Amino acid sequence: MLLFNDMADSDSPMTLSELNERIRLAIHASFYETYWVRAETSDVRINSSSGHCYLEFVEKDELTGQIVAKARGTVWARTFHTLRPYFENVTGQTFGSGLKVMANVSIEFHKLYGYSLTVHDIDPSFTLGDLVRKKQEIILRLKEEGVFDLNRELALPDLPQCIAVITSPEAAGYGDFVNQLLHNPAGYAFYPKLFPAVMQGEKTEESVIAALDRISQHADLFDAVVIIRGGGSASDLYCFDSYLLAAHCAQFPLPVITGIGHERDDSIVDMVAHTRMKTPTAVAAFLIDRMDGQTGLLNDLHQAVCTGTTNILAVYETDLKLLAARFPASVSFLIGRSRTRLLTLSSQLSVTHLPIMEQQSLLTGTKLRLQSLSDLLFKNKSGELDMDGQFLKFVSPNYILARGYSLTLKDGKIVKRAAGLAAGDAVILRYADGEREAVVQ
């Protein structure tokens, strides 16, 4: 405090640089050690020529997310050269903005650039713990939403041939995958369709989700979705721990198979996928093996059908041989039994021959008697018909008219009495040879 009291007692004003220098000396006198500080990285920039890393450290309110403290930071090239690869290897995360870190810093105050922190070390275990915490929070959220196991519950087709592939077209892993799939030893037909996407960096989440959306529009054309990329550092794969990307994969209507190219830890996308393989070529081998499995089942069925058919034919052959052996004896037995029955019937026919002849004679006599009676009856009836015909002839009006009689008709009816006529009535007189009209007077 004496330093500032001296300044206050001086009558001559100080320049800004003098004031800043005094502040620098005061800070250096009070904060000459290094300190471990918890903060979040922001605006990380690496100078490509010098190798120095410039960034800001910020502290945010845990409830509102508002920045409550900020300080410039610098990691000099010599320190950054060793610190960065160690940090990324341990955490599996690219050193950049948005990371919660515990940094060992010294406090600097430059009369031109002001207050800043110089980074001497960063504890990766603190960041790793934060990343693990975030990862566990995402996993728990997916489970609470009931989508974590959805994709694994889908049935992968027995013959997965039409494959939607999400990857970068320039990725070496994509070429290896397609080459192994299309040139499989068994010659199975596969139909991979590429949906290009960025597979590294901040745009990975957005790009892969867009590819999934394009596939979903034609989901009925594909059997499965494959997400692959070549090898890379663990930090390159942190984007596959994204909540949005994992949620899309978990709820996708087709089985998702991953071959993202890392073995040490599973990403969240690996966890929610239907099947997780280590590399793109391992995914191709998995698809080929599945086809091999179905081929094996078909071969087993073919063998079972052949064996079953052979056994059935053997049983029928045995039965036929037994029938062939028994056939002559059975036929001889049947012939003998039929011969005996024929002899029996023949003897029975010879015994009944005489009664049959008697019945035939009786029938012949009956036939003659019936014929004679019918002739006599026909003559009698013919005579009766002749007499009836003569009678009808004699009573016929035409016969009576021919004898000189006539008929008087009034209004189409025969007049039987004279009282039925009055003077002036028109009548018709019918004779044997015609009719005449008349009027009664």
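These are my notebook entries on helix α3, the aromatic pairs and the charges over rings in a predicted model.

Entry on conventions. I number residues from 1 along each chain as its sequence is written, and my side-chain values use heavy atoms, with hydrogens and water left out. Since the model is predicted, I take local features at pLDDT of at least 70 and side-chain atom pairs only at pLDDT 80 or more, while totals for chains, interfaces and linings use all residues.

Entry on α3. I looked up helix α3, residues 77-91 (helices are DSSP runs of H or I of at least four residues, strands runs of E of at least two, numbered from the N terminus), and just after α3 I noted G92 with a positive phi of about 70 degrees. Its buried residues (under 20% relative accessible area, with exposed over 50% and partly exposed in between, 1.4 Å probe, protein chains only) are A77, F80, L83, F87, E88 and T91.

Entry on rings. I found four aromatic pairs (ring centres of Phe, Tyr or the six-membered ring of Trp within 6.5 Å; planes under 30 degrees apart are stacked, over 60 edge-to-face, the rest tilted). F31 and Y35 have centres 6.2 Å apart and planes at 65 degrees, so I record this pair as edge-to-face. F80 and F95 are also edge-to-face, at 5.9 Å centre to centre and 65 degrees between the planes. Because F80 lies in α3 and F95 in the loop between α3 and β4 (100-110), this pair ties together parts 15 residues apart in sequence. F80 is buried at 5% relative accessibility, and F95 is buried at 4%. I also noted that F80, F87 and F95 form one aromatic cluster.
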